[in-house]
Amino acid sequence: MERRNALKSMAMLIGGAVALPEWANAWSTNSITAKNWLRPNLASVLSEAVETIIPKTNTPGAKDLGLDTFVQKMVADCYSKEVQSAFAKGIGQIDSVAQQKYSKPFVQLDTPQRIELLKGFESGAETKDFYGLLKGLTVRGYLNSEYVMTNITHYEMVPGRYHGCVKVK
């Protein structure tokens with residue numbers, strides 16, 4: 001390696017080591033949570049829809065774990081503008097179908113009505129992709145939540161144990 005390249009590399013390394021802690025200190029719950037890009041009425045429909053998919057039983061439900069925020073964050077950060085607008089349109093369709101079928105908004109329906117309505121979305125040709133995305137993100141968020149990882153699956157960051165001082169027989 002040439003001396004000039006070595007000095008450049010050292011300068012970059014030192015600069016990164018100085019800048020990294022300042023950059024990481026700027027992180028907060030507010031800076032990493034989703035910006036609510038859905039209108040408030042659609043956000044409440046999303047919240048109730050994910051709760052219908054994973055309801056509260058003897059374990060926390062989707063709303064308790066904040067999966068509505070997770071779904072919004074994933075759609076906003078990981079999908080194209082077309083998918084985002086289709087997703088918002090699909091959430092709006094849930095509410096409009098509830099209004100047509102039951103004459104009240106989705107958030108005011110009881111659980112069997114919500115389940116029946118969402119099953120129609122799951123089997124519908126036009127809404128199958130939207131519902132697949134909604135359900136898939138909800139299940140992914142649930143399975144990767146801190147509650148499930150620590151209390152149900154007992155996730156270990158590094159599996160296995162190291163026993164350095166063991167008697168050899």
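A residue counts as buried when its relative accessible area is under 20%, as exposed when that value is over 50%, and as partly exposed in between. Asn151 has a relative accessible area of 44%, so this residue falls into the partly exposed class. Asn151 sits in helix α8, which covers residues 146-152. Its C-alpha atom is separated by 9.8 Å from that of Thr59, even though the two residues are 92 apart along the chain. These values, like the others below, come from a predicted model.

Stepping back to the whole protein, the secondary structure amounts to 8 helices and 0 strands. Walking along the sequence, one reads the pattern α-α-α-α-α-α-α-α. Of the 169 residues in the protein, 30% are buried.

Helix α1 spans residues 3-25, and Leu13 is found there. Leu13 has a relative accessible area of 58%, which is over the 50% cut-off, so Leu13 is exposed. Leu13 also belongs to a nonpolar patch on the surface, together with Met10, Ile14 and Val18. Taken together, the four patch residues have about 430 Å² of accessible area.

Next come the pairs of opposite charge. Side chains of opposite charge can pair when their charged atoms come close. Searching the whole structure turns up 6 salt bridges. One of them joins the side chains of Lys63 and Glu48, with 2.7 Å from N to O. This pair ties together distant parts of the chain: Lys63 lies in the loop between α3 (40-53) and α4 (67-78), Glu48 lies in helix α3, and the two are 15 residues apart. The partners also sit in different accessibility classes, since Lys63 is partly exposed at 37% relative accessibility, whereas Glu48 is buried at 14%. For Glu48, the label follows because 14% is under the 20% cut-off. There is a further member to add here: Glu48, Lys63 and Arg114 are linked in a network of salt bridges.

A second salt bridge is found in helix α4. Here the side chains of Asp77 and Lys73 meet at 2.9 Å, again taken from N to O. Asp77 and Lys73 are 4 residues apart in helix α4, so about one helical turn separates them. With 51% relative accessibility, Asp77 counts as exposed, while Lys73, with 28%, counts as partly exposed. Asp77 gets its label because 51% is over the 50% cut-off.

Lys135 and Glu122 make another salt bridge through their side chains, with an N to O distance of 3.4 Å. This pair, too, links distant parts of the chain, with Lys135 in helix α7, Glu122 in helix α6 (residues 111-123), and their positions 13 residues apart in the numbering. Both partners are partly exposed: Lys135 has 33% relative accessibility, and Glu122 has 34%.

What about empty space? Rolling a probe the size of a water molecule over the atoms shows where empty space is left. The largest pocket in this protein has a volume of about 200 Å³. Two elements give two or more residues to its lining, namely α5 (81-102) and α7 (128-143). The largest share, 6 residues, comes from α5. Among the lining residues are Val83, Ala86, Phe87, Lys89, Gly90 and Gln93. The lining also includes Glu126, Thr127, Asp129, Phe130 and Leu133. Sorted by character, the lining residues split into 5 nonpolar, 3 polar and 3 charged.

One backbone angle deserves a look as well. Most residues other than glycine have a negative phi, and most peptide bonds are trans. Ser103 is not a glycine, yet this residue has a positive phi of about 60°. Ser103 is placed in the loop between α5 and α6. At 62% relative accessibility, Ser103 is over the 50% cut-off and therefore counts as exposed.

Key:
Residues are numbered from 1 along each chain as its sequence is written. This is a predicted model: local features need pLDDT of at least 70, side-chain atom pairs count only at pLDDT 80 or more; totals for chains, interfaces and linings use all residues. Side-chain values use heavy atoms; hydrogens and water are left out. Patches are made of residues with over 30% relative accessible area and no salt bridge: like charges are joined within 9 Å, nonpolar side chains (Val, Leu, Ile, Met, Phe, Trp, Tyr) within 5 Å. Accessible areas come from the Shrake-Rupley method with a 1.4 Å probe; for residues, only the protein chains shown count as cover. Buried means under 20% relative accessible area, exposed over 50%, partly exposed in between (1.4 Å probe, protein chains only). On a 1 Å grid over the protein atoms alone, a cavity is a set of points where a 1.4 Å probe fits but cannot get out, and a pocket is an open set with protein on both sides within 12 Å along at least five of seven lines; lining residues have an atom within 4 Å of a point. Grid points are joined across faces, edges and corners, and a volume is the space filled by probe spheres set on the points. Ala, Val, Leu, Ile, Met, Phe, Trp, Tyr, Cys and Pro count as nonpolar, Asp, Glu, Lys and Arg as charged, and the others, Gly among them, as polar.
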